[in-house]
Amino acid sequence: METLFVILMIILFLLLMAFVFSTALLTPLIGKKNFLFVIALGFVVGVIGGAFFIAPVYDDLPDMARAVYMSTSNQPETITLNISTDSDVNKAIEDVRKIPGVKSVESGAITVKTTGISNEWKSNLEARVTNANTNITSGKVISADTMTVQLKPGSDPTTVIKELKNWMVLISGIDVRYSVVQVKVVVDASKVDEVVEQLPHEEVVVTEINGPVEKDIQNLKNILPHQNNIILFCGFLGVLVGLIGMFIDTITRSLHSILDRLRHKRG
């Protein structure tokens with residue numbers, strides 16, 4: 001949300017509070033009905049203002065905080081991407097590596113979707129998968145048609161998946177339907193949004209962003225009250241403003257009296 005828009009929303013809410021205050025000023029305290037009217041008016045106007053003006057700003061608070069954290073943090077963030085091996089993985093990685101703000105790009109695990117893997121072949125594949133390619137460090141069958149393969153840093157995922165596919169068909173008759181490479185991109189915290197915008201989105205999918213900034217944002221989300229509580233708070237704030245407007249004369253006289261007593265004590 002743009003800063004100007006946030007300021008405008010807050011000003012509009014303050015104008016509503018000013019309306020409640022001025023209405024209370026014009027309502028003489030001559031009976032119980034006026035008192036209840038001011039309370040009802042303050043609450044209703046406060047809730048409406050909270051729902052339409054404060055809630056949208058409140059929803060964008062984590063994003064606004066993220067922008068502040070990113071601009072002040074010197075710790076890198078990690079963007080996790082998925083790249084289908086049907087595309088040119090190496091080219092996609094090189095394109096990402098050239099984006100300003102990117103510190104490093106490393107391919108990690110490959111998720112492989114296969115034809116059915118029986119229980120008999122599960123342990124066999126996990127034990128022997130490193131034979132498919134020297135850059136494979138381990139493998140795990142996570143379901144009857146899915147396997148994950150861990151790679152050494154700097155490995156060529158295109159070559160690995162090609163040799164893995166040939167190896168699996170040769171020894172077990174299990175075919176690879178498709179596969180996805182997980183790529184870790186380390187970037188400057190202040191450049192995360194710019195890097196995400198410049199990613200070749202037709203080739204990569206952003207699955208996760210991790211780092212100190214994201215942890216701070218998550219901690220902020222955990223301590224922020226629910227939006228409905230904020231709207232109710234605005235309603236009670238409207239009631240408080242209305243009561244202040246009704247009793248402003250009494251409040252002013254009391255403050256003057258307290259100030260006079262303080263002056264006398266000092267004198």
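Let's start at Lys-191, which has a relative accessibility of 31% and so counts as partly exposed. Keep in mind as you look around that this is a predicted model. The side chain of Lys-191 forms a salt bridge with that of Glu-194, with an N to O distance of 3.7 Å. That distance qualifies because the cut-off for a salt bridge is within 4 Å. Glu-194, for its part, has a relative accessible area of 38%, so this residue is partly exposed too.

How many salt bridges does a search of the whole structure find? The search turns up five, and two others from that set are worth a visit in helix α4, which covers residues 89–97.

In that helix, the side chains of Lys-91 and Asp-95 come together in a salt bridge, at 3.0 Å from N to O. Why can these two meet? They sit four residues apart in helix α4, so about one helical turn separates them. Lys-91 is partly exposed, at 42% relative accessibility. Asp-95 has a relative accessible area of 25%, which means that Asp-95 is partly exposed as well, since buried would require under 20%.

Now turn to Glu-94 and Arg-97, whose side chains also pair up in a salt bridge, here with 2.5 Å between N and O. The spacing in helix α4 is three residues for this pair, which again means a separation of about one helical turn. Both partners are partly exposed: Glu-94 has a relative accessible area of 37%, and Arg-97 has one of 36%.

Technical notes. Residues are numbered from 1 along each chain as its sequence is written. This is a predicted model: local features need pLDDT of at least 70, side-chain atom pairs count only at pLDDT 80 or more; totals for chains, interfaces and linings use all residues. Side-chain values use heavy atoms; hydrogens and water are left out. Buried means under 20% relative accessible area, exposed over 50%, partly exposed in between (1.4 Å probe, protein chains only).
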